[in-house]
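I opened my notebook and set out to read this model from the surface inwards. My notes follow in the sequence in which I looked things up.

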Amino acid sequence: MSSKKAESPNKEPPAAAGNSSDELTVVVEDLLNSLSNKFAGVSSELFAKMDEMSRRLDNLEAALQAQQNSSSSSSTK
């Protein structure tokens, strides 16, 4: 009697567990792919903003340097 009870539950859950395990694997893979894509997008945006800030800082530095050079040359005259 105990062997029949042990066999019945053991036969069905592996199939169900395998199926649910496969479904879980698919869901987790989809989630990881989605997160990876979002991370790639955010990384691209971040690098683009950093490049823009770098260009703006370079322009500001050049403008300050030009202003400093023009004020020092005008004060020597």
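**Entry 1: a surface patch**

I started with the nonpolar side chains. L24, V28, L31, L32 and L35 form a nonpolar patch on the surface. Together these residues have about 460 Å² of accessible area. I picked L31 out of the patch and looked up its place. L31 sits in helix 1. Is L31 buried or exposed? Neither word fits, because its relative accessible area is 49% and exposed needs over 50%. I wrote L31 down as partly exposed.

**Entry 2: how far to trust the model**

This model is predicted. I checked its confidence next. The pLDDT of the protein averages 84. A score of at least 70 is reached by 75% of the residues. I then looked for a weak stretch. Residues 5-10 have a pLDDT below 50. In the model, this stretch has three contacts beyond near neighbours in sequence. Where pLDDT is low, predicted coordinates should not be read in detail. I left that stretch alone.

**Entry 3: the overall fold**

How many helices and strands does the protein have? I found one helix and zero strands. Helix 1 covers residues 2-76, and the protein has 77 residues. I also asked what share of the residues is buried. The answer is 1%. The protein exposes about 7,000 Å². Carbon and sulfur atoms supply 59% of that area.

**Entry 4: a salt bridge**

I searched for charged pairs. The count came to one salt bridge. Which side chains meet in it? They are those of R55 and E52, at 3.2 Å from N to O. Both residues lie in helix 1. They are three residues apart, about one turn of the helix. I then checked how open each partner is. R55 has a relative accessible area of 47%, so I noted it as partly exposed. E52 is at 37%, so E52 also counts as partly exposed.

**Entry 5: the record**

Last, I turned to UniProt. Its unreviewed entry lists residues 43-70 as "coiled-coil region". I compared that range with the model. Over residues 43-70 the chain is 100% helix and 0% strand. The end C-alpha atoms of this range are 40 Å apart. I kept the label as the record's own, from an unreviewed entry.

Technical notes
Residues numbered from 1 in each chain as written. Predicted model: local features only at pLDDT ≥ 70, side-chain atom pairs only at ≥ 80, totals over all residues. Heavy atoms only, no water. pLDDT = per-residue confidence, 0-100. Contact = heavy atoms within 4.5 Å. Salt bridge = Lys/Arg side-chain N within 4 Å of Asp/Glu carboxyl O. Helix = DSSP H or I, 4+ residues; strand = E, 2+ residues; numbered from the N terminus. Buried < 20%, exposed > 50% of the residue type's maximum accessible area, 1.4 Å probe, protein only. UniProt positions renumbered as here; feature names shortened; annotations may be inferred. Patch = residues over 30% accessible without salt bridge, like charges linked within 9 Å, V, L, I, M, F, W, Y side chains within 5 Å. Areas by Shrake-Rupley, 256 points an atom, 1.4 Å probe, with all protein chains shown as cover.
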